[in-house]
Amino acid sequence: MTITSKSNPKVRQVRFLRDKKQRDETGLYLVEGTKPVLEAISSGQAIEEIFATEKLSHMFPGCTEVSEEVFGSMSTEMNPQGVLATVHVPETSLRAPRTSHCILLDGLQDPGNVGTVIRTANAAGYREIYLADCADPFSPKAVRASMSGIFYVQVFPGPRKEILDALKGIPLVCADMKGEDVFLYKPPNRFCLCVGNEGNGLSEEVKSLSQSKISVPMDPSCESLNAAVSAGICMYILKHNMTR
């Protein structure tokens, strides 16, 4: 049976998941769009429920069918494709990294930047991402910007102090405009790349613990790079320079 009422309890719960408090309470987040939902399925995500309009319901056996109007009220997209899923947030406990290279985002507040870093980290092979006092990586905007990268990495959100405790003993390589040219820098065999807030950069707590500082060389006419762009450049170069 097709749901045609916007006040249906399931429909209302989907709308509530736009709010972080509701995501925290339910342990669910939204994945929207045909390709992301298919990737959530193929990557083995714990899916609670899939909602689709009539034109797409045949692609998702067992989904809950909703009218176009109802789906429009559930969607966070400007141009809804007609399918979304509620997915369980993975259960992870803050711990020390288990890989040779990871990344710490220090106070990033733009969910689009957080999602873009997750997308790039997945592409560059950084599987562990620590988020100190950052925007929620499971918000609709961050999930959308991650382009399914959120399914393939482990994210560890938390307070800065607790994250720094978990990273104790790991050399912190900090992106800083006054740092050494990243193209010339030889990273240690194990490291955590640290990228700071969009406006204020890295916190004093992180900078005080850094083993080294790196920068992306820029034309004098350019004042700074977007945090996600800087993170992407550094991730790739550091990984390349490890094997030089």
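Strands β8 and β10 run parallel and are joined by 5 bridges. One of the pairs to look for is Ala 175, whose bridge partner in β10 is Ile 214. Keep in mind as you look around that this is a predicted model.

Zoom out a little, and those two strands turn out to belong to an open sheet of 6 strands, with parallel pairing and the order β7-β6-β5-β9-β8-β10. At its edges sit β7 (154–158) and β10, each pairing on one side only. On average, neighbouring strands here are turned by 35 degrees against each other, direction ignored. As a general point, strands of a sheet pair through backbone hydrogen bonds.

Now for the helices that lie across these strands:

| Helix | Lies across | Angle |
|---|---|---|
| α6 | β5, β6 (128–132) and β7 | about 160 degrees to β6 |
| α10 | β5, β8, β9 and β10 | about 160 degrees to β9 |

Helix α10 deserves a second look. It covers residues 227–242, 16 residues in total, and reaches 22 Å from its first C-alpha to its last, close to the 22 Å expected at 1.5 Å a residue. At its N-terminal end, Asn 226 acts as a cap, with a side-chain oxygen 2.8 Å from the backbone nitrogen of Ala 228.

Which residues of α10 are buried? Among them are Ala 227, Ala 228, Ala 231, Cys 234, Met 235, Ile 237, Leu 238 and Asn 241. An α-helix has 3.6 residues a turn, so residues three or four places apart point the same way. What covers the buried residues of α10 includes the strands β5 (101–106), β8 (172–181), β9 (191–196) and β10 (212–215), along with helix α6 (111–124).

Terms used:
Residues are numbered from 1 along each chain as its sequence is written. This is a predicted model: local features need pLDDT of at least 70, side-chain atom pairs count only at pLDDT 80 or more; totals for chains, interfaces and linings use all residues. Side-chain values use heavy atoms; hydrogens and water are left out. Helices (H or I, at least four residues) and strands (E, at least two) are DSSP runs, numbered from the N terminus. The expected span of a helix is 1.5 Å times one less than its number of residues. Buried means under 20% relative accessible area, exposed over 50%, partly exposed in between (1.4 Å probe, protein chains only). Contact means heavy atoms within 4.5 Å. A polar contact is a pair of N or O atoms within 3.5 Å; within protein, one must be able to donate a hydrogen and the other to accept it, and residues adjacent in sequence count only if both atoms are side-chain atoms. Two strands pair if DSSP finds at least two bridges between them. Axes are lines fitted to C-alpha atoms, for helices over the stretch in contact, and angles run from 0 to 180 degrees between N-to-C directions.
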